[in-house]
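Welcome! Here is a short briefing for anyone meeting this structure for the first time. Take a look at the sequence and the model, then read on.

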Amino acid sequence: MKRNNICKFPSSSAIGGTISVSRFVKETDESVMTSKCRLDSHRMILVVEGNGQFVINQDLYNVEQGTLLFVFADDELALFSGSPIYIYIDYLGARANDLHRRFDITPLTRAYGGFDGLIPLWQESLARASDKTVDLATESILLYTFSRLSNTTSEKNGIIGRIAEITEQDFGDPDLTLSKIAESLCYHPKYLSHLFKEKMSMSYSEYLRSVRLKYAVTLFDHGIDSIKNVALLSGFSDPLYFSKVFKDNIGVSPKSYIKNKSGNKSGINE
């Protein structure tokens, strides 16, 4: 299916003399998307339809409708897979850098989900903008979108809650990792790792281990005395490793824990 691009170029655009906007584009041409390019300005991308993966400086980012993605000047960008339709604004300037710092927009925090509500505004502004008004339309959309990022604190707390929820549901999967969760939530794993440690004062691997051990203790307390079965049910694929981690964190070995709970030195199943 053929899809038509919309490209508009403000002839002279500067917000307060410190942000210059050079392009306002609806990109639909997959040949352009998949061609790797090095940006000469910052780029704010809003995915308006479909999904896929972008590669930025060798890192992959999952995107879907409503994903807001920031690419920085001198970054290399290309579409890796999928066929999303997106609109982007290219911009530069000292104030742009200030806004990036204010809203903590970095290579680790460049992707944001849930901005579907901006899609009609972006599409209408791009479609309606004339040669005389495209600079004003682009500037207003750019700044308004930055202002919407003021809600990212509550969004970050929501992300942590979602990570905890997924972990509570799936900790029995020995292959569960933060990278796997990041992929399902369309976030970069390095960003989620940094955010989780900042909010929870522990790494995700420490948190996952604590959840698994808590469940293992519960199983032992309910009379399950097969160390191998408890290890597997708690998400540990190796019972020997489970025994080591259990002793390091609980203070006694699984055998000793079962023995102390039951008062029976025999009948412990490996």
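The points below cover a pocket, a surface patch and one helix residue. Please keep in mind that this is a predicted model. Its largest pocket has a volume of about 150 Å³, and a nonpolar patch of about 240 Å² is found on the surface.

**The largest pocket**
- The lining of the largest pocket is made up of 14 residues.
- Nearest to the centre of this pocket lie Val 32, Cys 37, Arg 43, Leu 77 and Tyr 86.
- Helix H1 (30-33) and the strands E4 (37-38), E9 (76-82) and E10 (85-92) are the elements that each give two or more residues to the lining.
- Strand E9 provides the largest share of the lining, with 3 residues.
- By character, the lining residues of this pocket are 10 nonpolar, 1 polar and 3 charged.

**The nonpolar surface patch**
- Three residues to look for here are Tyr 215, Ile 224 and Leu 233, which make the patch of about 240 Å².
- Leu 233 belongs to helix H9, which covers residues 227-233.
- Leu 233 counts as partly exposed because its relative accessibility is 45%, a value between the limits of 20% and 50%.

**Lys 197 and its surroundings**
- You can find Lys 197 in helix H7, residues 189-200.
- Lys 197 has a relative accessible area of 52%, so this residue is exposed; the cut-off is over 50%.
- Lys 197 and Tyr 207 are 10 residues apart along the chain, and 9.7 Å separates their C-alpha atoms.

Technical notes
Residues are numbered from 1 along each chain as its sequence is written. This is a predicted model: local features need pLDDT of at least 70, side-chain atom pairs count only at pLDDT 80 or more; totals for chains, interfaces and linings use all residues. Side-chain values use heavy atoms; hydrogens and water are left out. On a 1 Å grid over the protein atoms alone, a cavity is a set of points where a 1.4 Å probe fits but cannot get out, and a pocket is an open set with protein on both sides within 12 Å along at least five of seven lines; lining residues have an atom within 4 Å of a point. Grid points are joined across faces, edges and corners, and a volume is the space filled by probe spheres set on the points. Helices (H or I, at least four residues) and strands (E, at least two) are DSSP runs, numbered from the N terminus. Ala, Val, Leu, Ile, Met, Phe, Trp, Tyr, Cys and Pro count as nonpolar, Asp, Glu, Lys and Arg as charged, and the others, Gly among them, as polar. Patches are made of residues with over 30% relative accessible area and no salt bridge: like charges are joined within 9 Å, nonpolar side chains (Val, Leu, Ile, Met, Phe, Trp, Tyr) within 5 Å. Accessible areas come from the Shrake-Rupley method with a 1.4 Å probe; for residues, only the protein chains shown count as cover. A salt bridge is a side-chain nitrogen of Lys or Arg within 4 Å of a carboxyl oxygen of Asp or Glu. Buried means under 20% relative accessible area, exposed over 50%, partly exposed in between (1.4 Å probe, protein chains only).
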